[in-house]
2 protein chains.
Amino acid sequence: MPENLERNDENVVYVGKKPTMNYVLAVVTQFNNGARNVVIKARGKSINKAVDIAEIVRNRFLNDLKYEVTLGTEKIKSEDRESNVSSIEILLKR
Amino acid sequence: MPENLERNDENVVYVGKKPTMNYVLAVVTQFNNGARNVVIKARGKSINKAVDIAEIVRNRFLNDLKYEVTLGTEKIKSEDRESNVSSIEILLKR
């Protein structure tokens, strides 16, 4: 097994402003390339898109996947103040 | 212990269009009234608000809470077609 497939941090998909299906494809591709785990990470308003991605992957492409969800809060620093933003990590695993 | 506090289904907060802090207050109030578990439920674009609510409750009000997250997909029927919407349930427990 190639070394990089054993490392979780190689298999992270960060959710941003692209269409949902782009990220679905990214996740499915990683599993098809042999990954055992893929983590979908999102913050703020992208969190609902992360859940959509996980659900579409599980329901339409890879029905045998299990998942674990971790919630968090991150501090965002702008020019003169600090604000909190929620985050989600959805670990999909074979 | 009053019978209703043993029943999980009494302690559900459905997230809609009200301000985030309204739901935070609802969750905290249920715990202060003796609930051992409170479930935050949301669908679609309210999912990120549900995560905000859970994080604010845990970080600012009740630091000892554990959580479990369940993802799902629900079918929404409109006049002539059916569409899917993602859902989240965040179980907060003492």
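This report describes the sheets, the helices packed on them and the contact between chain A and chain B in a predicted model.

## Sheet of chain A

Chain A has an open sheet of four strands, arranged in the order 1-2-4-3 with mixed pairing. Strand 1 (12–14) and strand 3 of chain A are at the edges, and each has a single partner strand, so one side of each is left without a neighbour in the sheet. From one strand to the next the twist averages 20°.

The parallel part of the pairing includes strand 1 of chain A and strand 2 (residues 37–43) of chain A, which are joined over three bridges. Within this pair, V12(A) has V39(A) of strand 2 as its bridge partner. Strand 3 and strand 4 of chain A run antiparallel and are joined by twelve bridges. One of the paired positions is K66(A), whose bridge partner in strand 4 of chain A is K93(A). The connection from strand 3 to strand 4 of chain A is a hairpin through four residues.

## Helices on the sheet of chain A

Helix 1 (residues 20–32) of chain A lies across strand 1, strand 2 and strand 4 of chain A. Its direction is at about 175° to strand 1 of chain A. Helix 2 of chain A also packs on the sheet, where it touches strand 2, strand 3 and strand 4 of chain A. The direction of helix 2 makes about 5° with that of strand 4 of chain A.

Strand 2 and strand 4 of chain A are thus touched by helix 1 and by helix 2 of chain A.

## Sheet and helix 1 of chain B

In chain B, four strands form an open sheet in the order 1-2-4-3, and the pairing is mixed. The edge positions are taken by strand 1 (12–14) and strand 3 (66–77) of chain B, each of which pairs on one side only. The twist in this sheet averages 20° from one strand to the next.

Strand 1 of chain B pairs with strand 2 (residues 37–43) of chain B in the parallel sense, over three bridges. For V13(B), the bridge partner in strand 2 of chain B is I40(B). Helix 1 (residues 20–32) of chain B lies across strand 1, strand 2 and strand 4 of chain B, and it runs at about 175° to strand 1 of chain B.

## Contact between the chains

The contact involves 19 residues from chain A and 18 residues from chain B. The two chains bury about 1,500 Å² between them, with 57% of that area on carbon and sulfur atoms. Eight residue pairs are in polar contact across the interface of chain A and chain B, counting pairs with both residues at pLDDT 80 or more. The count of salt bridges between chain A and chain B is zero.

On the side of chain A that touches chain B, helix 2 (47–61), strand 3 (66–77) and strand 4 (82–93) of chain A each supply at least two residues. Helix 2 of chain A gives the largest share, eight residues. By type, the residues on this side of chain A are seven nonpolar, eight polar and four charged.

Helix 2 of chain A also packs against the partner chain: it lies across strand 3 and strand 4 (82–93) of chain B, running at about 70° to strand 3 of chain B. Helix 2 of chain A therefore touches strands of its own sheet and, in the definition of contact as heavy atoms within 4.5 Å, strands of chain B.

Technical notes:
Residues numbered from 1 in each chain as written. Chains lettered and ligands numbered in written order. Predicted model: local features only at pLDDT ≥ 70, side-chain atom pairs only at ≥ 80, totals over all residues. Heavy atoms only, no water. Buried area = accessible area lost by both parts, 1.4 Å probe. Salt bridge = Lys/Arg side-chain N within 4 Å of Asp/Glu carboxyl O. Polar contact = N/O pair within 3.5 Å; in protein donor to acceptor, adjacent residues only side chain to side chain. Nonpolar A, V, L, I, M, F, W, Y, C, P; charged D, E, K, R; others polar. Pairing = 2+ DSSP bridges. Axes fitted to C-alpha atoms, helices over the stretch in contact; angles between N-to-C directions.
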